[in-house]
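Student: I've got a fold on my screen and a pile of structural terms. Can we go through what earns each label?

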Amino acid sequence: MAKKILIVDDAAFMRMMIKDILTKNGFEVVGEAADGAQAVEKYKETSPDLVTMDITMPEMDGITALKEIKQIDGSAKIIMCSAMGQQAMVIDAIQAGAKDFIVKPFQADRVIEAISKAIG
């Protein structure tokens with residue numbers, strides 16, 4: 001059965017790009033969210049196997065959303081995505097429970113590698 005993924009990014013074209021990479025590699029995209037607050041709601045609705053989470057978003061940022069999702073489901077698997085190679089944010093995300101970190105612009109094979117590793 002295909003692994004279910006929730007894509008969270010405030011940029012629609014980024015969500016489309018990730019969705020394209022995932023569906024071509026046999027994953028099922030069960031939802032999309034444009035900010036952290038939507039991400040938390042969608043997580044409750046869809047119970048995905050994994051979440052790709054942008055860090056910098058309006059309303060609620062990715063690290064706050066990561067922490068909220070982890071409170072709902074301690075075993076949640078979340079991979080952070082960001083264009084900014086900001087070390088402090090990467091460290092915050094990993095300490096908050098992120099499984100991995102991918103930097104934009106994405107290399108398709110890096111996205112698949114990170115997801116495959118995280119889902120195990």
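Tutor: Sure, let's start with two helices. The axes of helix α2 (residues 36-46) and helix α3 (residues 62-72) come within 9 Å and cross at roughly 20 degrees. Axes here are lines fitted to C-alpha atoms, for helices over the stretch in contact, with angles from 0 to 180 degrees between N-to-C directions.

Student: What makes α2 roughly parallel to α3?

Tutor: The crossing angle is roughly 20 degrees, and angles under 35 degrees count as roughly parallel, over 145 as roughly antiparallel, 65 to 115 as roughly perpendicular and the rest as oblique. So α2 is roughly parallel to α3.

One caveat: this is a predicted model, where local features need pLDDT of at least 70, side-chain atom pairs count only at pLDDT 80 or more, and totals for chains, interfaces and linings use all residues. Residues are numbered from 1 along each chain as its sequence is written, and side-chain values use heavy atoms, leaving out hydrogens and water.

Student: Which residues of α2 and α3 meet?

Tutor: Contact means heavy atoms within 4.5 Å. On the α2 side there are Gly-36, Ala-39, Val-40, Tyr-43 and Lys-44, which meet Ala-65, Glu-68, Ile-69 and Ile-72 of α3. By class, that contact has six nonpolar, one polar and two charged residues. Ala, Val, Leu, Ile, Met, Phe, Trp, Tyr, Cys and Pro count as nonpolar, Asp, Glu, Lys and Arg as charged, and the others, Gly among them, as polar.

Student: How do you know that β4 and β5 pair?

Tutor: Pairing takes at least two DSSP bridges between two strands. Strand β4 (residues 78-82) has four bridges to β5, and the two run parallel. In one of them, Met-80 partners Phe-101 of β5.

Student: What makes β2 and β5 edge strands?

Tutor: The open sheet has five strands, ordered β2-β1-β3-β4-β5, with parallel pairing. β2 (28-33) and β5 (100-103) each pair on one side only, hence edge strands.

Student: How many helices and strands does the chain have?

Tutor: There are five helices and five strands, which are DSSP runs numbered from the N terminus: helices are H or I with at least four residues, strands E with at least two.

Student: Why is the chain called as compact as a globular protein of its length?

Tutor: The globule rule is 2.2 Å times the number of residues to the power 0.38, and the radius of gyration is taken over C-alpha atoms. For 120 residues the rule gives 14 Å and the chain has 12 Å, which is close, so the label fits.
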